[in-house]
Structure formats: structure tokens, C-alpha cells
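Let's take a walk through this one together, contact by contact. Have the viewer open and follow along as we go.

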Amino acid sequence: MRKILSGVLTVIILAAAVISFGSYRTSVQTRLYTRREFVMGTLLSLQAYGPNAETAFSDTVRRMHEITDRMTINDAGSETLLLKQHAAIAPVELSADTFFVLSRALDYAESTNGAFDPTIEPLVSLWRIGFPDARVPEPNEIDSKLPLVDYSRVQLNEAESTAYLPVAGMGVDLGAIAKGFAADESRRIMEEHGVKSALISVGGNIYAMGEKPDNTPWRIGIQDPLDSRNRVMATLDVKDETLVTSGGYERYLDAGGVRYHHILDPSTGYPAETDLLSVTIVSKSSIDADALSTSLFLMGRDAALEYAQRDGGFEAVLIDDDLGVYCTCGIQNRLTIVNSNYTLVSGNV
Ligand code: ADP
Ligand code: MG
């Protein structure tokens, strides 16, 4: 009898332990951890569920600093600055990170016939849009920089992991693609720590991992490109995907009654004249989405729609200057326009 009683007691104690461990696990799995840091010249915002979230955050922040130190054009000691300093002198050995990001940037330069061009640096440095000393350059200053912008002259040596810029004054700016790479890296770090549900934002380059604990997708807002108060004009449900937007409203210089935005046309040296207000790309790879959002913005609506149709490896939402919204068909049923000033013109790309 005593044996039976103690057996029953053991079962009860074990059951209680399992139940309480179960609820402990649920509370850890459903607790939201958050972190915000200023890094890469922008705001890094991390949200994640699960027990290892905070360790994953610390590793992500460390990695973001490493990527910035290697790729920024604004601080001494970066590899991109070394490349510029060694232009027409000698090749520069690059870390695997910088070599990879520069290679991807050159691929996009090729596939956009040079509309996207990482050798835009001399022009970016001339305008300095987004910095307090931004100004409209004189036409002769722009003319003197234009011949330095030519992606086809960059010499990469994969075996030695080097790059060489053959003309003095040439430089490389990875600003249109590096945040996407950083978002991919953060996602990889989260995965390594077993995090299954997270929302990563590197200055608006978003990676939505998994679903929320209630099994609903992440709902992301697309910014209203005409509203300076960061209001949203549409929402998009995403799961295990990145969402990246480029627009002329993000950084600009107002001078003499004209607004000059920060995405430059390599053929003119001036801000790209585009009929698009913003381009949002949804895909699995954030480095690709970052390069594509800038590229499609530069191309303008019709060429961008054609590119999206031809490539097919990503989804896109374009907003043109008539407030028309164009999206690829794979995304149409996940897009909700919440501002009636905007009209869905075509979802059948
Ligand atoms: P943001 O950095 O504001 O999210 P983008 O990803 O579109 O926006 O990148 C814009 C940045 O890319 C510019 O600030 C500049 O550093 C760089 N850039 C500007 N024009 C070009 C271009 N034609 N090709 C590649 N990079 C560019
Ligand atoms: Mg970009």
C-alpha cells in the first residue's frame, strides 16, 4: 500500500513539474525582448521572442559595429576609405565581408546598366546630402567628378581578396547595400542562437523572422512618402522575409526652393529624376532587397515594373508621383492600403 501511495505521489510531483516547466517555457517563448542602438549611422531596432534573444542582440550589435568599421566611408580606417586612398596606387586587401558586399554591388551595377553604381562615392562626397554641410555643387564640380564614376573599372581579385581603383579620386560607397547585408547577418546570428521569432530593423531595412507567438505574421507599415511624420500608407504581412524601402523622402537637401534627394544619377551627377516616390522590395535576402529598392527607384516606374517582371525573384510595391500603387502579384493579397489618397493601380505585374 505504501509503495502504491509513494508511486502515485511521484507521478503527481512529476506531472506538476512538467506543467510548471511547460508554463515556464511558454512564458519565456512569448516574452518580448527589445533593444535599440545607434549604429551604422542609423537606428538598429531589435525585437525577439525566446530565451536566447538577449545574447543574440549583443552579438548582433557587435557584428553591426564590425561591419560599419569595415565599410563606412565616413570614418578613418575603414576598408572603403583605404580603397579610395590607394586609388591608382595599389590594390587593397579586403575582409571577406567587404569583398562580398562590393561584389554584390558590382553585380547590381551590371544588371542595371550602371544606374546603381557603388563608385558613386566622389559625387556623394561632393553633395554630402544628409550631413549639416550639404550643398548644391557648381556644375563644373559635378563635371569634374563624373568621369570618376564607372563601376566597370573596379578590379576585383577573388583569389587574393583585393580590389583596385585605377584612377586617382575614385571611391566606393556601399551605403545603398550595406544595411541589407547587416540585416541578413543579424538574422543569421538570431538563427544561430535558436531565435525563431524576431523583427530586425537596420535603419528601416526590416527582416521579419518566423511569425509572432500567436501564429500571426508580422504586419509591417510602408511609410507614406509624402508624410514627414512617419505615417504609414499601407501595411504588408510578412513571414521569414525582408522588407526594404528606398525613397527620395529619406534624406534630402532643400535649397533655393528645390528638394534634392540622396539617390544620385551616375550619368548626370544630380539626384535621380524619377517618377517614383518610393520602392519597397520584399524577398528572402536583405542585401538583394536593399540594392533592388535603390535600383528600381533610380529606374523609374515603367523600367522598374519591367525589371520586376523579368527578374521574378522578389516582390515589389512601387508608389508613383500620381499616388498610384503598383505591386507584383505575389504580394497583392497581403497588402492593405490604409490611406485613401493612394490607389492600387495594378497588382498584376
Ligand atoms: P537609405 O540608405 O536612405 O536607406 P538607399 O538604400 O536607397 O537609402 O541608399 C542610398 C545611399 O546610396 C545614398 O545615401 C548613397 O550613399 C548611395 N547612393 C546614391 N546614389 C547611388 C547610386 N546611383 N548607386 C548606388 N548607390 C548610391
Ligand atoms: Mg538601398
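**A walk through the model**

Start at Thr328, which you'll find in the loop between β15 (324-327) and β16 (335-337). Keep in mind that what you're looking at is a predicted model. Thr328 has a relative accessible area of 6%, and because buried means under 20%, Thr328 counts as buried. What does its side chain meet? A polar atom of the Thr328 side chain sits 3.0 Å from the backbone nitrogen of Ala316.

Next, the salt bridges. Searching the whole structure turns up 22 salt bridges, and a good place to pick up the thread is Arg63. Its partner Glu66 has the closest N and O atoms 2.7 Å apart from it. Both residues belong to helix α2 (residues 53-71), and since they are three residues apart there, about one helical turn separates Arg63 and Glu66. The two ends of this bridge differ in how they are covered: Arg63 is buried at 11% relative accessibility, while Glu66 is partly exposed, with a relative accessible area of 33%.

Arg63 has another partner too. Asp97 forms a salt bridge with Arg63, and here the closest N and O atoms are 2.8 Å apart. Asp97 comes from helix α4 (residues 96-111) and Arg63 from helix α2, so this pair ties together parts that are 34 residues apart in sequence. Both Asp97 and Arg63 are buried.

Now go back to Glu66 and follow helix α2 along. Glu66 also forms a salt bridge with Arg70, with the closest N and O atoms 3.6 Å apart. This pair stays inside helix α2: Glu66 and Arg70 are four residues apart, about one turn of the helix. Arg70 counts as partly exposed, at 24% relative accessibility. Step back and you can see these bridges chaining up: through shared partners, Arg63, Glu66, Arg70, Glu79, Asp97, Glu185, Arg188 and Glu192 are joined into one network of salt bridges.

While you're around helix α4, have a look at Leu102, which has its place in that helix. Leu102 is buried, with a relative accessible area of 1%. How far apart are the C-alpha atoms of Leu102 and Leu174? They are separated by 7.2 Å, although the two residues are 72 residues apart along the chain.

On to the rings. A pair of aromatic rings is described by the distance of the centres and the angle of the planes. The whole structure holds six aromatic pairs. One of them is Phe100 with Phe181, at 5.8 Å centre to centre and with 55° between the planes, a tilted pair. Phe100 lies in helix α4 and Phe181 in helix α7 (residues 178-192), so the pair links distant parts of the chain, 81 residues apart. Phe100 is partly exposed, with a relative accessible area of 40%, whereas Phe181 is buried at 4% relative accessibility.

Another pair is edge-to-face: Trp127 and Tyr270, at 5.7 Å centre to centre with 80° between the planes. Which parts of the chain does this pair link? Trp127 is in helix α5 (residues 121-127), and Tyr270 is in the loop between β12 and β13, 143 residues apart. Trp127 counts as buried at 1% relative accessibility, and Tyr270 as partly exposed at 29%. Add Tyr260 and you have the full group: Trp127, Tyr260 and Tyr270 form one aromatic cluster.

Our last stop is a pocket. The second largest pocket encloses about 420 Å³ of space. Its lining is made of 20 residues, and the closest to the pocket centre are Pro225, Gly248, Tyr249, Glu250 and Arg259. Two strands are worth highlighting in your viewer: β12 (258-261) and β13 (276-283) each supply at least two residues of the lining. As for chemistry, the lining of this second largest pocket divides into eight nonpolar, six polar and six charged residues.

Note on methods:
Residues numbered from 1 in each chain as written. Chains lettered and ligands numbered in written order. Predicted model: local features only at pLDDT ≥ 70, side-chain atom pairs only at ≥ 80, totals over all residues. Heavy atoms only, no water. 1 Å grid on protein atoms, 1.4 Å probe; cavity = no way out; pocket = protein on both sides within 12 Å on 5 of 7 lines; lining within 4 Å. Points joined across faces, edges and corners; volume = space filled by probe spheres on them. Nonpolar A, V, L, I, M, F, W, Y, C, P; charged D, E, K, R; others polar. Salt bridge = Lys/Arg side-chain N within 4 Å of Asp/Glu carboxyl O. Buried < 20%, exposed > 50% of the residue type's maximum accessible area, 1.4 Å probe, protein only. Polar contact = N/O pair within 3.5 Å; in protein donor to acceptor, adjacent residues only side chain to side chain. Phe/Tyr/Trp six-rings, centres within 6.5 Å; stacked < 30°, edge-to-face > 60°.
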